[in-house]
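Q: Please take a close look at one part of this predicted model, a sheet and what surrounds it. I would like a connected account that then moves outward to the rest of the fold.

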Amino acid sequence: MPSETELIQRYFVFEQGRADVIQGIGDDGAVVMPPAGQELVASVDTLVEGVHFLPGIEPGAIGHKALAVNLSDLAAMGAEPAWASLALTLPEVDEVWLRDFSRGLKALAQTYGVALIGGDLTRGPLSMTIQVLGFVPRGAALYRSGAQPGDRIFVTGSVGDAGLGLAVLQGRLELPSDAAAYLSSRLHRPAPRIEAALALRGCASAAIDVSDGLALDLERLLAASRVGATVELTQLPLSPAARAAFTTPIDWSQILTAGDDYELLFTVAPERAGAMEKAFDAIAGGATEIGHIEATPGLRCTLEGHAHARPRRAGYDHFAQP
Ligand SMILES: [Mg+2]
């Protein structure tokens, strides 16, 4: 049976050409060199089997998603990711599982130039915690709290896909195989919106990532900014696969409350909107305007301009489930 150190060496030490890693995995702690004049941004997230992913999900997808959800939080802060550490708890040593998990993690880390600088393996129910560190130029971080009345509200990519992917996976929704495959990839291999985040520096007044549903995450931004908003439902960007899922009228409540999309939701002052749209010309997936910020607190939804009921449940909250 290989030791913890051997397993970490085998699966979690990989080439990363970052000159700012002075000491990576292999000592009691990692030593890194943040660039001069930049602020460090830290974020941590845990995925637990049965809570965040179903048993039997392909380990490569779990490795990808465990890092992706953390990179999405850095993106929401306008930060460029640099380093990550992993604490992995496994019920038993399964080297095939470890190899596939590490491949999924490594591929995404290398896409964004993230170095894995720390690793810890323990035995127990399957779960993983990743901490990511990144940086922003001094004063350039994006916060939830900066939205002002009159600001325009945008969201990157498309919303609702991951929730529909879960419905397909659980047999609650049947779709043609190409649409099902697309929605499943959105659920299992979300793409953190790092490029969009960097384009938003200096343009956005506030930002958050959509992890627990558009309505709930927008409400978090509104509360932090002490403002309200109106969102026009017909403006919400839906993928062709999501549109294919609704033969009857679109279930806006489903779209507003579906979690796991990892898109960026952000606000832009009217005078900055031109610069933001220009910066987004080069960003894959783009961004769509969905509403505007108002002084009156609370979230209001309209459907073709007419008041529309808010969803009964705002979105996913671990401690508010029945
Ligand atoms: Mg977040």
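A: Leu90 has Arg123 as its bridge partner in β5. That pair belongs to the contact between strand β4 (residues 80–90) and β5, which run parallel and are joined by eight bridges. Both strands are part of an open sheet of four strands with mixed pairing, in the order β3-β6-β4-β5. The edges of this sheet are taken by β3 (38–48) and β5, and each has a single partner strand, so one side of each is left without a neighbour in the sheet. From one strand to the next, the twist averages 15°.

Two helices are to be placed against these strands. Helix α2 (residues 59–76) packs on the sheet and touches β3, β4 and β6, with a direction that makes about 140° with that of β3. Helix α3 (residues 95–111) lies across β4, β5 and β6 and runs at about 165° to β4.

Two residues illustrate the surroundings of this sheet. Ser127 sits in strand β6. With a relative accessibility of 16%, Ser127 counts as buried, because the cut-off for that class is under 20%. Beyond its neighbours within four places in sequence, Ser127 is in contact with Leu47, Val48, Ala87, Leu88 and Thr89. Ala79 belongs to the loop between α2 and β4. This residue is likewise buried, at 0% relative accessibility. Apart from neighbours within four places in sequence, the contacts of Ala79 are Val41, Leu74, Gly134, Phe135, Val136, Leu198 and Arg201. One of these, Leu198, is 119 residues away from Ala79 along the chain, yet the C-alpha atoms of the two are separated by 7.0 Å.

Strands of this sheet also contribute to a pocket. The second largest pocket holds about 270 Å³ of space. Elements that give two or more residues to its lining are α1 (4–12), β5 (115–123) and β6 (127–137). Of these, α1 gives the most, with four residues. The lining comprises 17 residues, and Ile25, Gly26, Asp27, Gly118 and Gly119 lie nearest the centre of the pocket. Sorted by class, the lining has five nonpolar, nine polar and three charged residues.

A further sheet can now be set beside the one described above. This open sheet has seven strands in the order β8-β10-β7-β11-β9-β12-β13, again with mixed pairing. Its edges are β8 and β13 (306–308), each with a single partner strand, so one side of each is left without a neighbour in the sheet. Direction ignored, neighbouring strands here are turned by 30° against each other on average.

The edge strand β8 deserves particular attention. Strand β8 (residues 204–210) has six of its seven residues buried, so it is largely enclosed by the rest of the structure. An edge position in the sheet is thus combined here with burial of six of the seven residues. The pairing of β8 with strand β10 (residues 263–268) is antiparallel and extends over six bridges. Within β10, Leu264 stands opposite Asp209. As a rule, side chains in a regular strand alternate between the two faces of the sheet.

Elsewhere in the seven-stranded sheet, strand β9 (residues 228–232) and strand β11 (residues 287–294) also pair in the antiparallel sense, over four bridges. Here Gly228 stands opposite Glu294 in β11. Helix α7 (residues 214–225) lies across β7 (152–156), β8, β9, β10, β11 and β12 (298–303), and runs at about 145° to β8.

Two loops that lead into strands of this sheet contain residues with positive phi. Arg226 is in the loop between α7 and β9. Its phi is near 55°, a positive value in a residue other than glycine. Arg226 is exposed, because its relative accessible area of 75% is over 50%. Asp260 is in the loop between α9 (252–257) and β10. Although Asp260 is not a glycine, its phi is positive, at about 75°.

Definitions and conventions. Residues are numbered from 1 along each chain as its sequence is written. This is a predicted model: local features need pLDDT of at least 70, side-chain atom pairs count only at pLDDT 80 or more; totals for chains, interfaces and linings use all residues. Side-chain values use heavy atoms; hydrogens and water are left out. Buried means under 20% relative accessible area, exposed over 50%, partly exposed in between (1.4 Å probe, protein chains only). Two strands pair if DSSP finds at least two bridges between them. On a 1 Å grid over the protein atoms alone, a cavity is a set of points where a 1.4 Å probe fits but cannot get out, and a pocket is an open set with protein on both sides within 12 Å along at least five of seven lines; lining residues have an atom within 4 Å of a point. Grid points are joined across faces, edges and corners, and a volume is the space filled by probe spheres set on the points. Ala, Val, Leu, Ile, Met, Phe, Trp, Tyr, Cys and Pro count as nonpolar, Asp, Glu, Lys and Arg as charged, and the others, Gly among them, as polar. Axes are lines fitted to C-alpha atoms, for helices over the stretch in contact, and angles run from 0 to 180 degrees between N-to-C directions. Contact means heavy atoms within 4.5 Å.
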